[in-house]
Amino acid sequence: VEASIPEGQREAWRKFSAKEFTTKDQFETEVVKHIETTLARSLFNCDEAAAYAGTALAFRDRLVIEWNKTQQRQTFADQKRVYYLSLEFLMGRALDNAMLNVQQKDVAIAGLEDLGFRMEDVISQERDAALGNGGLGRLAACFLDSLATLNYPAWGYALRYRYGIFRQEIVDGYQVEVPDYWLDFNPWEFPRHDVTVDIQFYGNVRKYMDDAGKQMSVWENGEIVTAVAYDAPIPGYGTKTTNNLRLWSSKASHGEFDFTKFNSGEYEASVADQQRAETISAVLYPNDSLERGKELRLKQQYFWCAASLYDIVRRFKKSRKAWKDFPNQVAIQLNDTHPTLAIPELMRILIDNESLEWDEAWSIVQATFGYTNHTVLPEALEKWSVPLIQHLLPRHLQIIYDINLQFLQYVERNFPKERDILGRVSIIEESQPKMVRMAYLAVIGSHKVNGVAELHSDLIKTTIFKDFVKIYGPDKFTNVTNGITPRRWLHQANPRLSELIATKLGGYDFLKDLNLLHKLEAFVDDKEFRKEFQEIKYANKVRLAKYTKEVHGISVNPSSLFDIQVKRMHEYKRQQLNIFGVIYRYLELKAMSPADRAKVQPRVSFFGGKAAPGYWMAKMVIHLVNQVGKVVNNDKDIGDLLKVVFLEDYNVSKAEMIVPASDISEHISTAGTEASGTSNMKFVLNGGLLIGTCDGANIEITREVGEDNIFLFGNLSEDVEDLRHQHFYGEYELEPMLKKVFDSIRSGTFGDAHQFSALVDSIVDHGDYYLVSDDFKSYIDTQKLIDETYKDQETWLTKTITSVARMGFFSSDRCIDEYAEMIWNIEPLPPQQNGA
Ligand code: GP0
């Protein structure tokens with residue numbers, strides 16, 4: 001390609017092509033240039049926002065240079081790529097990550113100081129890119145970091161929501177949702193107005209004979225909406241590989257901007273069309289682990305799948321390979337069932353547009369897709385009504401029926417004696433209206449299905465996908481235990497700890513090979529190291545205490561035990577168990593003599609997390625936490641012995657401050673309900689211990705850090721079903737300790753009891769589905785053990801250091817290597833040393 005350009009031109013290009021800054025002076029030159037010219041500001045009106053913008057633009061330039069080279073290198077190499085389809089990428093802030101990954105933060109700190117700014121203040125000017133709800137979206141973000149760091153050719157595909165997850169405000173103790181318009185200034189995205197795809201909705205299917213006399217189908221006469229690509233660079237750590245995250249934005253198609261309306265004076269109507277098209281990518285649905293079946297959500301899913309597949313197919317076609325090679329060039333991972341429509345869409349492209357035979361197309365599709373399941377909760381399993389799909393995507397519905405027919409015939413041939421199996425495994429649920437079971441379609445259309453922690457991957461094989469294990473054999477199902485990126489969740493969130501580890505291990509290699517942490521065990525008795533480790537934890541607690549005072553007006557003592565539960569508010573995650581435990585503690589303290597109180601370990605209970613706007617019960621728990629805080633924090637008898645804080649608007653950037661400040665964090669879901677959990681990993685990696693149930697990745701964390709270094713409690717997942725059964729038949733008694741808590745709520749201690757009656761009743765009268773009562777005593781006992789253990793600070797410190805040293809397994813790098821090897825069959829493409 002290059003050879004076709006005259007040497008003179010090439011030389012000029014080389015001479016003038018953008019260079020990366022490496023020194024402080026060069027960095028400042030870039031920053032000032034951007035502030036003066038890109039932003040049209042000057043020394044006299046350069047505030048922190050402008051300093052942020054200038055710094056971000058300087059680093060953006062750096063990323064772009066490597067990003068272009070990476071894309072070129074990957075195009076020339078033309079090896080297999082992975083495409084990670086996720087409706088959510090919870091990226092958080094980009095600047096700090098960019099500075100650390102390209103290893104130029106020190107230069108920037110010094111440069112900004114010259115210009116009169118503190119790095120911390122500059123960093124905090126950035127708004128979070130909050131295009132996700134919780135764990136699932138943050139996992140996708142960690143995966144992008146690992147894919148780039150490990151030099152895998154990989155793309156992320158998602159939607160460019162104008163509004164990310166809402167901002168949470170607490171008003172009078174209640175959650176209020178405020179829209180998050182985050183795009184005012186986003187230097188990290190590049191609009192690609194030349195990369196567009198027209199996406200069709202509605203319309204009809206017409207059958208016809210092609211020239212060879214073959215029966216063909218074509219989908220036509222629909223409404224067209226245009227997808228425009230916006231790209232964001234994803235830098236790896238300590239590598240020049242910079243991958244791409246492509247976000248699609250919707251706008252009215254040119255053909256649609258109806259000039260006839262315009263000319264006939266219906267200007268407003270044609271603007272309205274424009275706005276209607278734009279609503280497709282307008283807002284992220286704020287539900288976590290719950291599907292609501294809204295038509296606009298289905299439109300989002302198809303819009304994104306179709307645009308991404310068009311893009312992927314277009315890239316494949318450039319290599320002029322045969323269709324049978326498609327799975328050798330392309331791996332597509334479905335992050336949950338949200339992108340399942342990609343399966344019938346690829347079938348439609350291959351059959352209707354490319355004229356492949358069904359069987360050939362189907363084997364390509366199956367070999368291309370992998371599907372990750374994130375939950376067994378029934379309310380989270382996606383189903384779409386047949387009439388809705390028929391209306392919106394008529395051709396896809398036909399294809400889904402055809403896939404189902406082929407599949408059921410296969411099952412019938414292989415299991416002729418099993419009468420009921422066909423009804424159970426059919427993609428179509430015979431309800432009123434009929435429903436399409438997306439998880440079944442995803443299983444059938446993929447070559448591998450994985451869960452996200454060992455227990456969870458076992459559970460999917462014995463519950464929701466049991467029949468499919470029988471049909472396909474067990475090898476189709478596998479486990480990839482989740483991980484987290486040590487770059488953001490150690491190096492960025494806890495720079496002092498990262499530095500301390502680096503001095504002991506002789507460098508930062510552990511950030512790329514987290515198993516090296518095991519060498520820290522040699523220092524567990526090293527006095528100097530222990531002291532510094534402890535000081536860092538204390539400093540992180542001081543920072544959170546300061547924030548708590550400034551933002552919430554609550555004074556907390558950093559010497560208290562910091563107990564933290566931050567995650568989406570959900571009954572299965574059981575924040576209610578936590579707050580009932582807090583109330584129990586409060587009642588005990590109140591009943592004590594002053595002399596006994598003096599012996600108690602002081603504690604601060606932090607809560608944080610958003611409730612889905614329509615999740616009434618979760619909102620009630622937020623309210624209860626705030627009410628309890630109001631009473632406890634102002635009780636003179638209690639003082640520092642107990643404080644309760646609800647941290648407003650929990651998000652990724654706040655997590656970076658909160659996680660390093662914990663002594664104990666809570667991961668207390670009803671056994672069998674939390675697929676993995678990923679914050680559990682973040683807390684331990686930052687020198688905090690866990691209180692948790694035998695659920696999700698808690699089990700594997702226990703295996704790694706050792707039973708002595710974690711506080712487990714509660715019933716096991718294999719007993720949950722029986723317990724629920726007993727509840728249903730009224731064969732159980734409310735735990736007396738919990739009854740005391742309820743009595744105090746009912747007596748109005750925390751305000752009008754009426755407001756919390758539904759929460760109490762769900763446990764007392766309505767079966768206690770999440771087994772709060774069954775686990776309550778064990779929870780309280782374990783909290784007491786924690787108080788006792790914490791009193792011996794030396795033992796505590798040994799546990800925390802030992803645990804950090806044993807967390808290597810939970811790097812998302814390990815996780816991505818497993819996907820690459822077991823599911824995607826892709827190889828890394830490291831940049832060459834000469835930078836080519
Ligand atoms: C699972 F089904 N998860 C869902 C969902 O809709 N949203 C979501 O965030 C989470 C799981 O709850 C998890 O256990 C898991 O670690 C995460 O997906 C990533 O696999 C919570 O952290």
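The C-alpha centres of domain 1 and domain 2 lie 34 Å apart. I start there, and I should say at once that this is a predicted model.

The chain is divided into three parts: domain 1 is 17-77 + 94-127, domain 2 is 78-93 + 128-481, and domain 3 is 557-792. Between the first two there is a contact, with 26 residues of domain 1 against 22 residues of domain 2. On the domain 1 side, the elements that give two or more residues are α3 (48-77) and α4 (95-101). The most comes from α3, with 15 residues. By class, that side of domain 1 has 13 nonpolar, 7 polar and 6 charged residues.

Next, the ligand. It has 18 residues around it, and the closest are Gly135, Leu136, His374, Thr375 and Ser676. By class, this shell holds 5 nonpolar, 11 polar and 2 charged residues. Domain 2 and domain 3 each supply at least three residues to the shell.

Let me take one of those closest residues, His374. Where is His374 in the fold? His374 sits in the loop that runs between β13 (369-372) and β14 (383-385). Is His374 buried or exposed? Neither quite: His374 counts as partly exposed, because 19 other C-beta atoms lie within 10 Å, and a buried residue needs 20 or more.

As for its neighbours, leaving out residues up to four places away in sequence, His374 touches Leu136, Asp336, Val452 and Ala675. Leu136 is also on the list of residues closest to the ligand. There is a further pair to look at: His374 and Ser457 are 83 residues apart along the chain, and their C-alpha atoms are separated by 9.4 Å.

Last, a helix pair. Helix α7 covers residues 135-149 and helix α34 covers residues 812-824; they pack at an angle of about 75°, with their axes 9 Å apart. So α7 is roughly perpendicular to α34, since angles of 65 to 115 degrees count as such. Which residues make the contact? From α7 they are Cys142, Phe143, Asp145, Ser146, Leu147 and Thr149, and from α34 they are Ser812, Asp813 and Ile816. By class, this contact has 4 nonpolar, 3 polar and 2 charged residues.

To go back over the main points: α3 gives the most to the side of domain 1 that touches domain 2, the ligand shell draws on domain 2 and domain 3, and His374 is a partly exposed loop residue. That is what I have for today.

Conventions. Residues are numbered from 1 along each chain as its sequence is written. This is a predicted model: local features need pLDDT of at least 70, side-chain atom pairs count only at pLDDT 80 or more; totals for chains, interfaces and linings use all residues. Helices (H or I, at least four residues) and strands (E, at least two) are DSSP runs, numbered from the N terminus. A residue is buried if 20 or more other C-beta atoms lie within 10 Å of its own, exposed if 12 or fewer, and partly exposed in between; C-beta atoms are placed from the backbone. Two residues are in contact if their C-beta atoms, placed from the backbone, lie within 7 Å. A residue is near a molecule or strand if its C-beta atom, placed from the backbone, lies within 6 Å of it. Ala, Val, Leu, Ile, Met, Phe, Trp, Tyr, Cys and Pro count as nonpolar, Asp, Glu, Lys and Arg as charged, and the others, Gly among them, as polar. Domain bounds come from an automatic or database domain assignment. Axes are lines fitted to C-alpha atoms, for helices over the stretch in contact, and angles run from 0 to 180 degrees between N-to-C directions. Angles under 35 degrees count as roughly parallel, over 145 as roughly antiparallel, 65 to 115 as roughly perpendicular and the rest as oblique.
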